[in-house]
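Here are some short exercises to work through with the model open beside you. Try each task before reading its solution.

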Amino acid sequence: MKIAGGNKSFLKKISILLILLLSVAVFTACGEDQLSLKERGLTIQITYDFNGGKVNAYYQKNVYVKKDAPIVKPSKNVHLKEPTFANHYLKAWYFAKTDENGEILRNEDGRAIPSENEVDFSTFKAENDTTVVAVWTPENSVTVAFGEDSSGNLINPIKKYYGDKKRVIQADLPGIEVENKTVVDFWYDAALTQKVEFPLEFPERGVEVALTLFPSFIEGKWTLIRTQNDFLAIASFSGKSFYIMNDIDMTDTSMEPIVSFTGKIAGNGFTVSNLTVKKTDTKTGDKFGFISTMQEDSEISGIVFENSTVEIVATFTNGPTNVGFLAGVVRGTVKNCTFTNCVLKLKEGKEGINFVYNAGTSVEGVYGTKTATGSVIGITGNPAIEFA
């Protein structure tokens, strides 16, 4: 189909006219949008400076209001969302600080500096353009450092925030790993003179607590024993090395013998009192005690056992039943342990039981027998032997 030259010219004019009409429509729409603020009386600009916080990806937001109208407080439940700032709480909104000429003062990052005047959103009405600034309070935190250098700077600090957590125990602190060493305590000073007592108690939100603590160490990798539950857990992790940190009262607890022990328990002279170990069915076993068998390379040292009982009801008759308060068989090392007012109770669950417990020796009742690799030295006191 051919189009005459005149028709081509006519179509060209129509195209240009349509483009012009569209341009005018867009311009008019934009103009109406801009004018609508004034038409609605929204002539006052309120700038919300989030001061390090964000709403989505924005660090501030401008809102227009009528003169002498109240302004909206950002909230999670309104269109103007409250900003968030990692590891901080929003304390309040303050008016921006200005100089003598009314110009807003800003920090090096370009953010408005808050004044000392908090915004009362229930009464404030904007007469002029206004900037309000979010003021934040850091979450409660603990920094663990490995000491201070000669200039007083922290060495290898590790910081952890705790949000709304009100109680912090030692296990909640930042994890610290030092080769062949174990953290035992924490201190408020680098000289390690002011010991931290746990739990740490943090106040309500809005009051910043920023503690710096310093760890002390012992050589070797140990599992620390401070409580009844810690002591009972030895049975579940019998291949580890345990370090008793304080006296432990085992009242109202009971445990069965630890069948096989390959680790270490360092008592450090502390007392384990009111311990009850009981085994009432021994038809498949011939060695019993707090630990039935201490394997080679195992070691127990420096524990004071006090007011404690190991009770064995034996029913296995094919050979001797090796029993001892501390161990049935010692293949490892026992040294410098003390027994005060302790009892080894033995009962025949059937006739013909042959109990072996070193009767008549200086270590009577401490252990049943030891092998060529076993060593028992420095024992003080003996458990009393009672037959039921």
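**Exercise 1.** In this predicted model, find the strand that holds Ser 301, and decide whether Ser 301 is buried or exposed.

*Solution.* Start with the element: Ser 301 sits in strand 23, residues 299-301. Next, take its relative accessible area, which is 14%. Buried means under 20%, so Ser 301 counts as buried. Finally, look at its surroundings. Setting aside neighbours within four places in sequence, Ser 301 is in contact with Ile 265, Ala 266, Gly 267, Asn 268, Lys 335 and Cys 337.

**Exercise 2.** Work out which strands form the edges of the open sheet with the order 16-19-24-29.

*Solution.* The sheet has four strands, with parallel pairing. An edge strand pairs on one side only, and this picks out strand 16 (248-249) and strand 29 (338-340). Now step inward from strand 29: three bridges join it to strand 24 (residues 304-306), and the two run parallel. To place one of these partners, go to Val 304, whose bridge partner in strand 29 is Thr 338.

**Exercise 3.** Trace the salt-bridge network that includes Asp 185, and classify the accessibility of Asp 185 and Lys 195.

*Solution.* Begin with the pair Asp 185 and Lys 195, whose closest N and O atoms are 3.6 Å apart. Asp 185 belongs to strand 11, while Lys 195 is in the loop between strand 11 and strand 12 (200-201), 10 residues apart. With a relative accessible area of 11%, Asp 185 is buried; Lys 195, at 40%, is partly exposed. Then add Arg 226, which is linked with Asp 185 and Lys 195 in the network.

**Exercise 4.** Compare that with the salt bridge between Glu 219 and Lys 181: how far apart are the closest N and O atoms, and where do the two residues lie?

*Solution.* The closest N and O atoms of Glu 219 and Lys 181 are 4.0 Å apart. Glu 219 is in strand 13 (residues 210-219) and Lys 181 in strand 11, 38 residues apart. For accessibility, Glu 219 is exposed at 55%, and Lys 181 is partly exposed at 31%.

**Exercise 5.** Describe the lining of the largest pocket, and name the strand that gives the most to it.

*Solution.* The volume of this pocket is about 490 Å³. It is lined by 17 residues, and those closest to its centre are Gln 170, Ala 171, Ile 176, Val 183 and Leu 224. Sorted by class, the lining has 10 nonpolar, three polar and four charged residues. Strand 11 (residues 181-187) gives the most, with four residues.

Technical notes
Residues are numbered from 1 along each chain as its sequence is written. This is a predicted model: local features need pLDDT of at least 70, side-chain atom pairs count only at pLDDT 80 or more; totals for chains, interfaces and linings use all residues. Side-chain values use heavy atoms; hydrogens and water are left out. On a 1 Å grid over the protein atoms alone, a cavity is a set of points where a 1.4 Å probe fits but cannot get out, and a pocket is an open set with protein on both sides within 12 Å along at least five of seven lines; lining residues have an atom within 4 Å of a point. Grid points are joined across faces, edges and corners, and a volume is the space filled by probe spheres set on the points. Ala, Val, Leu, Ile, Met, Phe, Trp, Tyr, Cys and Pro count as nonpolar, Asp, Glu, Lys and Arg as charged, and the others, Gly among them, as polar. Buried means under 20% relative accessible area, exposed over 50%, partly exposed in between (1.4 Å probe, protein chains only). Contact means heavy atoms within 4.5 Å. Two strands pair if DSSP finds at least two bridges between them. A salt bridge is a side-chain nitrogen of Lys or Arg within 4 Å of a carboxyl oxygen of Asp or Glu.
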